Structures are given as C-alpha cells and as structure tokens.
Amino acid sequence: MIIVQKFHSLHEIDPEFIPSIELLLKEEVPNFHFIERAQDGSPVTDLYTYFLFFGPTQNTPIGFGQVCLRSVPSKPLLTFAQKICFWEKEHLHWRQAIWNVFGGNSGACLFDPKFVRSGTEKMQNIISDYESRKDIVAHEFHLLKDFQNFKLQNSQSKKTSSRFVLESLSKSSKTYQDYLNGLSPETKKEIKTEWKRLSDSGHVNMGDFSLPAPELELPFSTEELTLWASWSATILTFEKEKKILGCILMVPGKDGNYFFEPYPFEAAENAIVNDQMYLQYVLLKFHDLDKARRCHIMKSGVKLTFNDKKDLEYFTLQGFQTKEVLEVFYSSLEGLTDSV
C-alpha cells in the first residue's frame with residue numbers, strides 16, 4: 001500500500017525527508033536547493049502541489065511527484081453565449097495542470113525502482129482526481145517515452161510533441177587518456193587537434209579552485225558565489241595573461257553524480273577557448289575524480305535539451321546518453337490548443 005503526503009511548498013517538506021528526495025533526483029540535480037530555486041523563481045500565480053510517496057514499511061519517501069496549476073487567460077476563450085452570461089464567474093478560475101518534476105526532464109514523477117509499478121498506479125489515481133475538477137480545463141504532461149504513459153479518461157483534444165534530453169556519461173575508463181582511446185578514431189583525432197590548437201594559442205593556463213576563491217575575479221555576485229560555496233562547488237578556469245577567459249562550475253551530487261556548467265566569457269566569433277575545450281576540461285576533471293561515476297552537463301542549472309535528436313550527436317559520439325521526453329497536451333476548450 002502506497003501512502004501519499006501533499007505539500008504546497010517545498011519549504012513545507014520535513015527536513016528529514018530531503019536526503020531521500022535528493023537520492024530520487026540524484027541524476028537530475030545536485031541537491032534539493034536546485035528545485036527550491038525553480039519554485040521560488042516561478043510566477044506567483046503558479047500554484048504548486050508536491051506529492052511524497054511512502055511505502056508500507058518505511059518512513060522515507062520512495063517517490064516524488066509534482067503538479068503546477070497555472071491560470072488560463074479566459075477572456076479570448078469565451079464563447080458568445082458565455083460572454084452574454086456575464087454573471088457566471090467560473091472562467092475566472094480556469095487553470096491548466098502541468099505534470100512534471102523540475103521542468104519535466106525526469107517526467108511526471110520519480111520512484112524507487114522497487115516501487116515503480118505501485119507508485120505509478122497511485123500517481124494515475126491522483127491525476128484522475130484532478131481531471132474531475134471543473135476548474136482545470138487543460139493538462140500538460142511531461143512523460144519519459146517508453147516508461148510513463150499517464151492518461152486522461154475523458155475525451156479531450158490532444159497534442160503531442162517531444163524533446164531530447166542530454167543524459168549523463170558513465171565512467172567506464174580509469175583515466176582521461178583511456179577514455180579518449182575508447183572513442184572512434186575520428187572523434188579522438190578531432191579532440192586531440194583541439195587540444196593542440198589550444199596549446200599553440202600560447203600560455204593558456206587551466207585552474208582549479210575550491211570556493212570561496214577571493215583571488216578570482218569572476219562576473220558573479222557575492223551571493224551567487226557564497227551559494228556555490230555552500231554546495232562544495234569547484235571553479236575550473238581557463239586563463240591567459242592573468243585574464244580569465246571562462247570558467248566551469250562543478251557541483252558534486254549524490255552517489256557519484258557530478259554536475260558541470262560552462263561559463264565562457266569570450267565572444268564566440270574570436271574565442272581562444274571554444275565550446276569543445278570546455279567539454280574536454282569537464283571530462284578531464286571528471287576522470288580525475290575517484291568518487292565520480294556519472295558526468296552531467298548543465299545550462300542555467302538544468303540539463304541540456306534539444307528539439308532535434310541530431311543536435312545531440314556531438315555528445316553521443318563522446319559517450320553521453322540521451323532520452324526522449326514527450327509533451328502531451330489535453331484541452332477541454334475548443335480555443336485552447338497550446339499550453340499557457
């Protein structure tokens with residue numbers, strides 16, 4: 001039997017549950033603060049509900065789900081008959097339910113593998129309860145293709161699209177050199193050419209700093225750097241003539257997951273350090289960490305996503321995995337054809 005607890009803010013969740021939630025999200029975010037920041041930075045009109053799932057014999061979460069209720073602008077969607085009935089106010093409370101966890105790259109929910117089947121059934125029951133509410137006129141689901149298949153029972157218009165998420169690279173080599181030797185000859189040659197080009201550009205140094213690092217002049221606020229330091233983050237730098245050309249934020253996560261976000265400071269058209277070298281510095285550092293098991297690349301604090309699968313080829317050639325996320329939209333209103 002699965003038991004569910006509901007919370008309307010992440011800040012309401014008991015601190016004792018947070019380590020278990022971080023383990024459920026270990027391949028999505030480094031720590032709980034990432035999803036807190038996403039909630040706190042969202043529009044005040046977005047109303048969140050979080051679902052913690054508990055198994056029959058333990059007091060730690062074995063699943064995590066989320067729905068966001070977003071206001072639907074009703075005025076352009078009203079029929080002529082509804083406009084005449086000006087005393088009817090139900091349309092002022094119309095909402096769209098958005099079912100995803102931290103932007104949806106992990107789908108609508110996450111469960112401990114031992115509880116996926118029973119947890120999924122419980123999540124479907126929750127979705128059905130929301131479907132019966134008159135104020136919810138649309139639903140948007142983010143679903144992991146081939147793994148999640150949540151549905152609405154009533155007949156409603158449906159629209160499906162997909163996006164592709166860059167997943168992690170698993171460590172399968174002891175050293176960075178061993179990793180390079182395991183790539184295709186073409187990819188290995190391309191990477192070595194870029195290393196040589198960087199070397200030939202003259203006196204580009206690569207730094208590695210634990211935070212706080214007052215000796216570094218970085219274009220980030222004191223508050224941001226202090227926050228990163230609280231995550232035990234590291235800053236990797238490219239420097240030339242005492243000028244920082246760019247840096248990489250490295251944040252340790254749970255169970256050997258490490259998250260990296262590049263920050264180039266040069267103009268792209270005449271950069272000394274190109275995007276390829278940021279990725280290679282990430283992989284060099286990753287293979288140098290004894291506890292590292294999975295390498296994740298981020299942009300603006302979330303995993304990279306692409307609309308075209310071909311755009312991931314650059315990463316897949318270097319060993320990164322991918323997954324497809326379906327975006328399924330249902331609407332009970334004739335004029336509402338896209339997510340708000």
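Which side chain does lysine 303 meet in a salt bridge? In this predicted model, the partner turns out to be glutamate 28, with N and O 3.9 Å apart. Lysine 303 sits in strand E14 (residues 302-303) and glutamate 28 in the loop between H1 and helix H2 (32-40), so the contact ties together parts that are 275 residues apart in sequence. Both lysine 303 and glutamate 28 are buried.

That pair is one of 16 salt bridges found across the whole structure. Another runs between glutamate 22 and lysine 254, whose closest N and O atoms are 3.5 Å apart. Here too, distant parts of the chain get linked: glutamate 22 belongs to helix H1 (residues 18-24), while lysine 254 is in the loop between strand E11 (243-252) and strand E12 (257-264), 232 residues apart. Glutamate 22 has a relative accessible area of 13%, so it counts as buried. Lysine 254, at 30%, is partly exposed.

Then there is arginine 163, which pairs up with glutamate 327 in a salt bridge whose closest N and O atoms are 2.5 Å apart. This one goes from strand to strand, with arginine 163 in E7 (residues 157-166) and glutamate 327 in E16 (residues 322-331), 164 residues apart. With just 8% relative accessibility, arginine 163 is buried, whereas glutamate 327 comes out as partly exposed at 25%.

Some of these contacts also hook up with each other: Glu28, Glu167, Lys303 and Lys323 are joined into one network by salt bridges that share partners. The opening pair, lysine 303 and glutamate 28, thus belongs to that network.

Definitions and conventions
Residues are numbered from 1 along each chain as its sequence is written. This is a predicted model: local features need pLDDT of at least 70, side-chain atom pairs count only at pLDDT 80 or more; totals for chains, interfaces and linings use all residues. Side-chain values use heavy atoms; hydrogens and water are left out. A salt bridge is a side-chain nitrogen of Lys or Arg within 4 Å of a carboxyl oxygen of Asp or Glu. Helices (H or I, at least four residues) and strands (E, at least two) are DSSP runs, numbered from the N terminus. Buried means under 20% relative accessible area, exposed over 50%, partly exposed in between (1.4 Å probe, protein chains only).
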